[in-house]
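Trainee: Before the assignments in this model are accepted, the reasoning behind each of them should be set out. May we go through the terms one at a time?

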Amino acid sequence: MARIQQIAGGAIPAHLETPVAAMCRVAADLAARIAAGGLEGNLAENVGANTDGDTQKALDVIADEAFTAALRGTGIRWYASEEQENAVEVDAEGKLAIAIDPLDGSSNIDVNVSIGTIFSIQPAEADPETTFLRPGHHIEAAGYFIYGPQTALMVSFGDGIRKFILDREKNVFVETPASGLPQSCKVPEFAINASNYRHWPQPIRAYIDDCLAGTNGPRGKNFNMRWIASLVAETHRIITRGGIFLYPADARDGYQSGRLRLVYECAPIAFLIEQSGGKATNALTSILDLTPDSLHARTPFVFGTPDKVERVATYHDLPEHEVSALFGNRGLFRA
Ligand SMILES: O=P(O)(O)OC[C@H]1O[C@](O)(COP(=O)(O)O)[C@@H](O)[C@@H]1O
Ligand SMILES: [Mg+2]
Ligand SMILES: [Mg+2]
């Protein structure tokens, strides 16, 4: 059974130790199954659809069932998952609630690219609506497991970020020093699914146009682009070496509020990013200030190095003629 080994002096708040330990045990098991690839059955097989119409892969369901079962009796009352229409009461006596994306990056299961689990823990109220449909300021702990070449837990208990790497031989999550999100980098990186360019709102197009223009444009420097299509993997890269991630609202059917879910994807990542020294918004407003109107509500999502995230907001304040101008005429941003 997987254990956690903390750095001397570090302490996981006592009331969170049991649920976090239970999650680590599930994550270690999932990591082993993922590493075994298809040898134990096809983890990427389509097995159905969740209530929101997203295709469910075998691993989505395996992960969801494993976390639900493991969290029984750990102090968790409400369990709200991407894979279930409504929050489930796992323990009527529990004082805590968990919001979870059991398996993030499902489109990468069959291509051996990093995937993960995203979660946040907060106090449980009398019903799931009161618990989950409120801004993220009640979150006590949030983070993700990343299943990649390395399996790691990145988590915050509201006092900076902590990093634990799975020692697969000893089956222990060993804590290792975590540094915050770098505030600058030599060649800044942006992450966005550029295939949706034609559907984006004009301020997002203008922001990306100016990145693409590099040294010829108003930013006066070159950028790199990355898109893994696993939110967890993008977050891990940005916490490690800076940059910005954008999944904006767009004009496609069903994408008016973007793609990512506020309760169990964006709010936990926003909490972790802010605790690591970054910023997270819906392009304009802090993610942690938003009130979800349903468990599966979506939101545009922009996070990363603070000055980059703030710059995206300023593009929304530009007058129409500036934002739709060619980059050469966007005078306000001449470096
Ligand atoms: O396929 P797209 O549109 O690029 O979207 C990729 C995004 O969708 C997600 O895979 C959604 O998460 P799930 O795999 O949990 O549904 C994110 O991890 C990722 O950032
Ligand atoms: Mg996800
Ligand atoms: Mg998922």
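The exchange below sets computed values against the definitions of the terms.

Trainee: What makes the values here subject to conditions?

Mentor: This is a predicted model, in which local features need pLDDT of at least 70 and side-chain atom pairs count only at pLDDT 80 or more, while totals for chains, interfaces and linings use all residues. Residues are numbered from 1 along each chain as its sequence is written, chains are lettered from A and ligands numbered from 1 in the order in which they are written, and side-chain values use heavy atoms, with hydrogens and water left out.

Trainee: How is the chain divided into domains?

Mentor: Domain 1 covers 3-176 and domain 2 covers 189-333; such bounds come from an automatic or database domain assignment. The centres of the two domains, taken over C-alpha atoms, are separated by 25 Å.

Trainee: How do you know which residues of domain 1 and domain 2 are in contact, and how many are there?

Mentor: Contact means heavy atoms within 4.5 Å. By that rule, 46 residues of domain 1 are in contact with 30 residues of domain 2.

Trainee: What is the area buried between domain 1 and domain 2?

Mentor: Buried area is the accessible area (1.4 Å probe) that two parts lose on being put together, summed over both. For domain 1 and domain 2 the value is about 2800 Å², with carbon and sulfur atoms giving 64%. In domain 1, the residues that lose the most area to domain 2 are Ile 118, Leu 133 and Tyr 144, together 20% of what that side buries.

Trainee: How many residue pairs are in polar contact across the interface of domain 1 and domain 2?

Mentor: The rule finds 15 such pairs, with both residues at pLDDT 80 or more. A polar contact is a pair of N or O atoms within 3.5 Å; within protein, one must be able to donate a hydrogen and the other to accept it, and residues adjacent in sequence count only if both atoms are side-chain atoms. Among the elements that give two or more residues to the side of domain 1 touching domain 2 are β4 (76-81) and β9 (151-156); helices (H or I, at least four residues) and strands (E, at least two) are DSSP runs, numbered from the N terminus.

Trainee: Why is the pairing of Asp 54 and Arg 261 called a salt bridge?

Mentor: The term requires a side-chain nitrogen of Lys or Arg within 4 Å of a carboxyl oxygen of Asp or Glu. The side chains of Asp 54 and Arg 261 meet at 2.7 Å, N to O, so the pair satisfies the definition. Between domain 1 and domain 2 the count is 1 salt bridge, whereas a search of the whole structure finds 11.

Trainee: Where in the chain do the partners lie, and are they buried or exposed?

Mentor: Arg 261 is in the loop between β14 (244-247) and α6 (262-275), and Asp 54 is in the loop between β2 (46-49) and β3 (55-57), 207 residues apart. Buried means under 20% relative accessible area, exposed over 50%, and partly exposed in between (1.4 Å probe, protein chains only). Arg 261, at 2%, is therefore buried, and Asp 54, at 23%, is partly exposed.

Trainee: What makes Arg 162 and Glu 175 a further case?

Mentor: Their side chains meet in a salt bridge at 2.6 Å, N to O. Arg 162 lies in strand β10 (residues 162-167) and Glu 175 in strand β11 (residues 172-176), so the pair ties together parts 13 residues apart in sequence. Arg 162 counts as buried at 13% relative accessibility, as does Glu 175 at 12%.

Trainee: Why is Asn 112 called exposed, and what is its phi?

Mentor: Asn 112 has a relative accessible area of 75%, and is therefore exposed. This residue lies in the loop between β6 and β7, and its phi is near 60°, a positive value in a residue other than glycine. Most residues other than glycine have a negative phi.

Trainee: How does Ala 229 count by relative accessibility?

Mentor: At 34%, Ala 229 counts as partly exposed. Its phi is near 70°, also positive in a residue other than glycine, and its place is the loop between β13 (224-226) and α5 (231-241).

Trainee: Why is Thr 131 called buried?

Mentor: Its relative accessible area is 0%, so Thr 131 is buried. Thr 131 lies in helix α3 (residues 128-132), and a polar atom of its side chain lies 2.9 Å from the backbone nitrogen of Glu 125.
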